[in-house]
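Grab a pencil and work through these exercises with the viewer open. Try each task yourself before you read its solution.

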There are 2 protein chains.
Amino acid sequence: MRFITDKDNLLHALQLVQRAVSPRNPMPILSGVKFEASKDRLFLSATDLNIGIQCSLPVEVLNPGTAVLPARYIIDLVRRLPYLPVVIESDEITDNVKIKYGQSEAVINGFPEEEFPEVSLSESEISLNISEDILKDIVRQVVFAASNDENRPIYNGVLFEIHGKQITAVATDTHRLAWRSFSIENYENIDIKLIIPGKTLNDLVRIIGNSGNNIKIAANSKKVFFISDNIFLISRLIDGQFPNYQMAVPKEYTTKVKLKTKDLEEAAERAALLEKDGAPSIKLHLEGNVILLTVNTEAGRLCEEIPVNYEGEEIQIAFNARYLSEALKAAGSEEVSIDFAGPLSPGIIRPAGNNEYFSLILPVRLKG
Amino acid sequence: MRFITDKDNLLHALQLVQRAVSPRNPMPILSGVKFEASKDRLFLSATDLNIGIQCSLPVEVLNPGTAVLPARYIIDLVRRLPYLPVVIESDEITDNVKIKYGQSEAVINGFPEEEFPEVSLSESEISLNISEDILKDIVRQVVFAASNDENRPIYNGVLFEIHGKQITAVATDTHRLAWRSFSIENYENIDIKLIIPGKTLNDLVRIIGNSGNNIKIAANSKKVFFISDNIFLISRLIDGQFPNYQMAVPKEYTTKVKLKTKDLEEAAERAALLEKDGAPSIKLHLEGNVILLTVNTEAGRLCEEIPVNYEGEEIQIAFNARYLSEALKAAGSEEVSIDFAGPLSPGIIRPAGNNEYFSLILPVRLKG
């Protein structure tokens, strides 16, 4: 392998694939980045066996070939190279790679490239296109409700239910739930459920661009693939039965409230600060045209008044302060409506006038 | 205590004193910030018993008084307050403090204020004024050479030797040394040595402004005080005999080199990246009009050529890569001169044409 590139393009691509590097894995080769020079492009890949990322960039290839270098050394070195053309060449016998810049050169000891796991597309059952912007929006609005508890993997994922051109994305950690529906334009007649790890989606939105281009999603029963112009991400899917979340959504409401999102979101954030052994519970007391928000912990108390419009019955209900502030933030709208079905039923938060998104929070039982 | 203030001024002052807060101290009160409203100012203080910081700001005092609040809660709360006038009042019986903003209020449970250690000036033997800019420069150029090893406290400090208007500041961790001399204008006829903890100086330069104003330094045999318009910092001094560092400085040199600081600094930074169990040694080989820099570790190798002007003998010498890059950075000049007295003697680095500063690095013994 031998090619000529420049510092900035190479560094940018390395930083994208770095997200899949597994520096402390028992398999040392997973701390590496695979370089593959072919025709007029360099392909960089990294994988932790859960996800794999491949990124390509144009370079001047003098000799095609491959090499695997420890991510840590090559990324730090490229970051500190001077702004000169960089010639990178591998020694096929020793696995070492020489990086030449001006009159100087570094040699980094590599890994045997044949041990590096394949990061490539395998046969897919479905394929669809979705705008990068919508994908980012879904991840922002839904993934926060997924769990990080590795003992219950099904709750770490986001369920994508695809029926023709209609898609819903749902995540829940059993204390709260977020649901988003949207439609796509170029579809095949498919009907499938995929449970994609929340971490995969978070990684994906951090590496895709801001161009508003479409990204292609392909999948089989084990894996999902995200394909854009120069980035390819592969991830395992989560196996199992997603809980029947529809049962958790109340069918009728006793109270409907409308308020400025920021008023309640900021109050909930202040309330969450009084944390002492876990996030505090916020008591909401709706009466007249205000919500009276109160919190009481060993650290202190908070009492705020928030103006609202409401229809229906007065209500007293309590929520986890952090869950409430995160749900309001995810709504992403100036005004939200909150629907209640009594103090023991979940509250449903929607961006005002928007039926394509909601999140749900289970209440905390009030003491005394 | 009762006063009116605004969010931004209060937050700024809290963030300055926060540096002295000791959140995990066995004495819980040291996780607090003391509020003292007096005349038309609020005085905030924090201390970890090694250093203490006091900061004052103008507020509208309605009732003078004091209170001590947990730093964590009050700082996070003030950061998230809306932009409204803030009324803060203490309940002298319960130690609790009420923070009112608009129609809302928070109460934070405080500490008994009488348990909070005094943060105040005590009798001083010396007093001098120094420009904030010079102080920042000294700290940048000297403190990096001090040690962080708490088992050898004398090496954690910077020795200030004051003879009339002439001051020298020196730090060493026994592997390297940095020395700076400067003169002050308004001086008393004093002759004293102070060993100020490096951490104190780092904290100090982070809280003083960029105004170029003078700061007053006062001291007795136990403590040093830094006094500016609205900030007061007190620190213990380090007790003991500073090593006789002059012995370490060679009197004669066999080789004098002059080069662009950046060339060698960046090469040394790249070399330091090849770290594997500690920073690698850089071998410098001076011959002809270049320094040939080579590094060889288990991670890889580096070989760079740096153009230099030199007088005297050719030399081969090796240094710790990180010490070399830090010393070159501290020089802070476009060109440096490096003086050598043979491969077993320290190298002396000076900003070109500047006799007020040098740093010294002991060589590493070359293998083979």
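**Exercise 1. Find out which residues of helix α6(B) are buried, and what follows the helix.**

Solution. Start with the list: in α6(B), the buried residues are A321(B), Y323(B), L324(B), S325(B), E326(B), A327(B), L328(B), A330(B) and A331(B). Keep in mind that you're looking at a predicted model.

Next, compare that list with the helix as a whole: nine of the eleven residues of α6(B) are buried, so the helix is mostly covered.

Finally, step just past the end of α6(B), where G332(B) has a positive phi of about 65°.

**Exercise 2. Place α6(B) in the largest nonpolar core, and explore a residue with many contacts there.**

Solution. First, the size: the largest nonpolar core holds 220 residues. Helix α6 of chain B, residues 321-331, gives the largest share of this core, seven residues.

Now look for the residues with the most contacts inside the core: they are V158(A) and V158(B).

Then click on V158(B) and skip its neighbours within four places in sequence. What's left in contact with V158(B) is V142(B), V143(B), A146(B), A169(B), V170(B), A171(B), I196(B), G198(B) and L201(B).

**Exercise 3. Decide whether P280(A) is buried or exposed, and list what P280(A) touches.**

Solution. Begin by locating P280(A): you'll find it in the loop between α5 and β19 (281-287) of chain A.

Next, count. There are 25 other C-beta atoms within 10 Å of P280(A). The cut-off for buried is 20 or more, so P280(A) is buried.

Last, list the contacts, leaving out residues up to four places away in sequence: P280(A) touches A271(A), A272(A), L274(A), E275(A), V295(A), T297(A) and A321(A). Take V295(A) from that list: P280(A) and V295(A) are 15 residues apart along the chain, and their C-alpha atoms are separated by 7.1 Å.

**Exercise 4. Split chain A into domains and describe how domain 1 meets domain 2.**

Solution. Start with the bounds: chain A has domain 1 (2-115), domain 2 (126-245) and domain 3 (250-361).

Then check the spacing: the C-alpha centres of domains 1 and 2 of chain A are 30 Å apart.

Now the contacts: ten residues of domain 1 of chain A meet eleven residues of domain 2 of chain A. On the domain 1 side, strand β4 of chain A (residues 51-58) gives the largest share, seven residues. Sort that side by type and you get five nonpolar, four polar and one charged.

**Exercise 5. Work out how chains A and B fit together.**

Solution. First, count the contacts: 24 residues of chain A touch 24 residues of chain B. On the chain A side, α2 (71-79), β9 (104-108), α5 (261-272) and β21 (300-307) each supply at least two residues. The largest share, six residues, comes from β21(A). By type, the chain A side has eleven nonpolar, four polar and nine charged residues.

Second, zoom in on the strands: β21(A) and β9 of chain B (residues 104-108) run antiparallel, joined by four bridges. Within β9(B), A106(B) is the bridge partner of L302(A).

Third, find the symmetry. Chain A superposes on chain B by a rotation of 180° with 0.0 Å of shift along the axis (RMSD 0.0 Å). That's how a two-fold axis relates the copies. In chain A, R24(A) has the C-alpha nearest the axis, 15 Å from it.

Finally, why do the copies meet through the same surface? Because 100% of the interface residues of chain A are interface residues in chain B too.

Conventions:
Residues numbered from 1 in each chain as written. Chains lettered and ligands numbered in written order. Predicted model: local features only at pLDDT ≥ 70, side-chain atom pairs only at ≥ 80, totals over all residues. Contact = placed C-beta atoms within 7 Å. Nonpolar A, V, L, I, M, F, W, Y, C, P; charged D, E, K, R; others polar. Pairing = 2+ DSSP bridges. Core = buried A, V, L, I, M, F, W, Y, C linked by C-beta atoms within 7 Å. Buried ≥ 20, exposed ≤ 12 C-beta atoms within 10 Å, placed from the backbone. Least-squares fit on C-alpha atoms with pLDDT ≥ 70 in both. Domains from an automatic or database assignment.
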